[in-house]
Structures are given as C-alpha cells and as structure tokens.
Amino acid sequence: MSFTSIQIRYQTARSLPAPYAYFYTLTVRAAADKSLQIDLSITYPDRDDIDDDELIAEGYTRDDDFSWSGRLPKAWWQTMTDLVNKTQLVPSNEDTLGEDDDYWDITLETDNAGARQGRPKNADSWQYLVQELIQASYEAIGRERPFELTYLDFANQQGELEIRLTASFADRTVKVVQSQNRKESTKTQSWSALQHIMAEVYNHDYEDDEAQLKRPKRDGQWLNLGGEEWYDVSELPALLKLFRNL
C-alpha cells in the first residue's frame, strides 16, 4: 500500500526544558516519479532567557529554528512506504499526556485506504526516521555535510590500511573507499549497514583531550569522525573487528 501524503505534528515532552525542547511540523507528499516533496519547519522555544555562552556550550545557537521546502530522491520513498505500512495509529489526545510524554499527531493518506489520523504505536521508529530526514534536509541545503569517517590501521600485516566512509542522508547512499599498498577499491554498503556502523562507532566515548589534531603517522589504529580530532581506537576490539569486516 503506497502513501500519497504524510503530515506530522510533533512536540517534545513538557518536562524537557529549553534549550533542548522543540516542535516541528512535517509534510511529505509522494510525486509521480516517487521522489518526495518535503515541507519542514522546526522551532526551538523559550530560549530568550538563556545566555549565548550556555547555548554554545550545549551545542546550540540563537538561529537553530529551521524551515525547508524541497525534494528528496526516490530512495526515500520505499523507506517511508515501509514505515507507513507498519504503522498503527491510536487516538491522539493532548489532555491525557503525562509530563514525560511526547506529543504526536500523524495523518497518513494512502492510495486505497483514504486518510487516518492519530498517534503512532511505533513512535520510536518514526522518531528515528524523521531525525534522518531532518539530517537529509540539512545536507540538501548545505547546512551540514554528508557523514564522514576515516579509519587508519598502521599495524595491519598487509601494510598501512585506510578506510574512508561517506554516507549521504539526502541520497541514502553509503560509499566505502579502501586504500592499501597504493591500491584503492570502492564499494557500497546498505543503509541498514550504516545504521549498524554508526551505532557501534558512537557506542564509545572519545576523549578530546587525548586526541591528535593532525593525521597520525605512527603505529596503531586511529579514527576520525569528520573533524580535526584523531582518536586512538587500538584498545577497542569491537571497532577493530567492525572495520576489518567493511
């Protein structure tokens, strides 16, 4: 069953204070070529009484409110269709929500079942996918770059190994480039594989004060997550296994 449009109104729980609280409205319409027309607006309320230094320390700015209208490619269509078909909606009543409950109101229109409205039982799945869609919209307008990581292995028995992974949320594509002994190979990974990779990569705490700010040239295994910092991951066997299997 294919969808024709999705409308979402979402707000974080009342117990979540500024600057973390936000609400958004999102409309997704399926085009004839299965690309998606996106209309997104995100607002971060109640920040007027927060100092700029505190906002910056938490990773925010005064200009985080965001709106965008544009297209995402048809790679998104199947993902959205699969989630719509797995979704059961229950009546949405804001008055019955507790302090720690997020507010959801979704209207789904499909090609043969009309419109249905309510709160999704699989709210976590919607939360995850919408966060990916928001990241895709940031990427589409150049506000953020595709996700990148670089892994260096100087202790590899076959010679120095470099792995560069680039993931585009806008296109839902994952490219992996491996370089070793002056030979380079390129392959793609599935989006579900990326989700596993990112979950493993961010399952560890990285100490910025122990990071190198220049590309390492000595023995060991190192990881760069798109910034200046190179982290020594030689004592993280799960990560080493992950990259050996890429």
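Let me start at one pair of residues: Leu89 stands opposite Pro120 in strand 7. This is a predicted model, so please keep that in mind throughout.

Leu89 belongs to strand 5, residues 89–90, which is an edge strand, and the other edge strand is strand 4, residues 66–72. Each of these two pairs on one side only. Strand 5 is joined to strand 7, residues 114–120, by 2 bridges, and the two run antiparallel. Stepping back, the sheet they sit in is open, has 7 strands and follows the order 4-3-2-1-6-7-5, with antiparallel pairing.

Now the helices on that sheet. Helix 3, residues 123–140, lies across strands 1, 2, 3, 4, 6 and 7, and runs at about 90° to strand 4.

On to the other sheet. Here 6 strands form an open sheet in the order 11-10-9-8-12-13, again with antiparallel pairing. Strand 11, residues 183–189, and strand 13, residues 230–232, are at the edges with a single partner strand each, so one side of each has no neighbour in the sheet. Ignoring direction, neighbouring strands of this sheet are turned by 20° against each other on average.

Inside this sheet, strand 8, residues 147–153, pairs with strand 12, residues 221–224, in the antiparallel sense over 4 bridges. Thr150 stands opposite Asn224 in strand 12. Helix 4, residues 191–201, lies across strands 8, 9, 10, 11 and 12, and its direction is about 115° to that of strand 9.

Next, the pockets. What is the volume of the largest pocket? It is about 440 Å³. The pocket is lined by 19 residues, and the closest to its centre are Gln131, Glu132, Ile134, Gln135 and Phe169. Helix 3 gives the largest share of this lining, 6 residues, and helix 4 supplies at least two. By class, the lining has 12 nonpolar, 3 polar and 4 charged residues. Domain 1 (3–141) and domain 2 (147–245) each contribute at least three residues to the lining.

The second largest pocket holds about 250 Å³ of space. Of its 13 lining residues, Thr79, Leu83, Lys86, Leu129 and Gln195 are the closest to its centre. Which elements give two or more residues to this lining? They are helix 2, helix 3 and helix 4. Helix 3 has the largest share here, with 4 residues. The classes in this second lining are 4 nonpolar, 5 polar and 4 charged. Domain 1 and domain 2 each give at least three residues to the lining of the second largest pocket.

Conventions
Residues are numbered from 1 along each chain as its sequence is written. This is a predicted model: local features need pLDDT of at least 70, side-chain atom pairs count only at pLDDT 80 or more; totals for chains, interfaces and linings use all residues. Side-chain values use heavy atoms; hydrogens and water are left out. Two strands pair if DSSP finds at least two bridges between them. Contact means heavy atoms within 4.5 Å. Axes are lines fitted to C-alpha atoms, for helices over the stretch in contact, and angles run from 0 to 180 degrees between N-to-C directions. On a 1 Å grid over the protein atoms alone, a cavity is a set of points where a 1.4 Å probe fits but cannot get out, and a pocket is an open set with protein on both sides within 12 Å along at least five of seven lines; lining residues have an atom within 4 Å of a point. Grid points are joined across faces, edges and corners, and a volume is the space filled by probe spheres set on the points. Ala, Val, Leu, Ile, Met, Phe, Trp, Tyr, Cys and Pro count as nonpolar, Asp, Glu, Lys and Arg as charged, and the others, Gly among them, as polar. Domain bounds come from an automatic or database domain assignment.
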